[in-house]
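Welcome! Here are a few exercises to work through with the model in view. Try each task yourself before reading its solution.

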Amino acid sequence: YCGAEGVSLDDDLVMAALDSELRRRKSEEPLRYVKLNKPCEEFARRLLDDTTYITVFAAPNGLGKTRTAITALGWLLWPEMAPRAFQGLPLLSQWPLGWPKKVRFISTPKEIEEIGAVQSAIKELWPLNRYESIKGKKTYPSIFKANGFEMDMMTYDQDPKEFEGATIPLIIFNEPPPEEIYKRCVARTRMGGKLVFPMTPLTD
């Protein structure tokens, strides 16, 4: 059957289904629709590229450094939600052989706390009901699991000895770390890896 304008009922049903799916994605998968400014887009590209050991993104407050890092990590966990231009980047297309699927995100206590910028960005951007968050012994979610990856969150006020142990190939320092923490984190990349520094310039 065709309607007055030549559109079949089947076409109407398909269009309704597509519209419903689009609305679901925008509600439950906002990661698909993130728009980054040019500096942040370049930072996200470099974060997801395994050809450099250290990536530094020094930018003033308010540019979106933390949000961009959380966005890029989301694209790492759910590559199908990354922009098409990003999907061929090394860490999205093929996680390096020999690297455990572990990520560490380190920041100040204020940024990591339940209502801090880091946790808020995760709640805002990562897909609904697609990851597990665990508080452990912390007052905030400190471990996130999704698609075979595990990310832990730590703060700069923790004892440097707590940063020892596991092999972790991708470590993000949200602002410059104390030297003792930095040295222990370098040792975590013994199988290869990447250190990422989104930070505010000291003169800002």
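## Exercise 1: Following a row across the sheet

Arg104 has Asp152 of β5 standing opposite. This is a predicted model, and that pair is our starting point.

**Task.** Which residue is the bridge partner of Arg104 in β6, and which residue of β7 stands opposite that partner?

**Solution.**
- Step 1: Begin with β2 (residues 102–107) and β5 (residues 149–155), which run parallel and are joined by 6 bridges.
- Step 2: Turn to β6, where β2 pairs in the parallel sense over 4 bridges. The bridge partner of Arg104 in β6 is Ile171.
- Step 3: Move on to β7, which runs parallel to β6 and is joined to it by 3 bridges. Here Leu195 is the residue opposite Ile171.

## Exercise 2: Order and edges

**Task.** In what order do the 7 strands lie, and which of them stand at the edges?

**Solution.**
- Step 1: Read the open sheet across: β1-β7-β6-β2-β5-β4-β3, with mixed pairing.
- Step 2: Look at the ends of that order. β1 (54–58) and β3 (132–134) each have a single partner strand, so one side of each lacks a neighbour in the sheet.
- Step 3: Add the twist, which averages 15° from one strand to the next.

## Exercise 3: Helices on the sheet

**Task.** Which strands does helix α6 touch, and which does helix α7 lie across?

**Solution.**
- Step 1: Helix α6 (residues 117–125) packs on the sheet and touches β2, β4 (143–146) and β5; its direction makes about 155° with that of β5.
- Step 2: Helix α7 (residues 179–188) lies across β1, β2, β6 (170–173) and β7 (194–199), at about 160° to β6.
- Step 3: Now check the side chains of β6. Leu170 and Ile172 point one way, Ile171 and Phe173 the other way, and all are buried.

## Exercise 4: Two helices together

**Task.** At what angle do α2 and α3 pack, and which residues make the contact?

**Solution.**
- Step 1: Helix α2 (residues 38–47) and helix α3 (residues 65–77) meet at an angle of about 45°, their axes 9 Å apart.
- Step 2: That angle makes α2 oblique to α3. Their crossing is right-handed.
- Step 3: From α2, the contact residues are Cys40, Phe43, Ala44 and Leu47; from α3, they are Lys65, Thr68, Ala69, Ala72 and Trp75.
- Step 4: Sorted by class, the contact has 7 nonpolar, 1 polar and 1 charged residues.

How values were computed
Residues numbered from 1 in each chain as written. Predicted model: local features only at pLDDT ≥ 70, side-chain atom pairs only at ≥ 80, totals over all residues. Heavy atoms only, no water. Pairing = 2+ DSSP bridges. Axes fitted to C-alpha atoms, helices over the stretch in contact; angles between N-to-C directions. Contact = heavy atoms within 4.5 Å. Parallel < 35°, antiparallel > 145°, perpendicular 65-115°, else oblique. Left-handed = near helix turned anticlockwise from the far one by under 90°. Nonpolar A, V, L, I, M, F, W, Y, C, P; charged D, E, K, R; others polar. Buried < 20%, exposed > 50% of the residue type's maximum accessible area, 1.4 Å probe, protein only.
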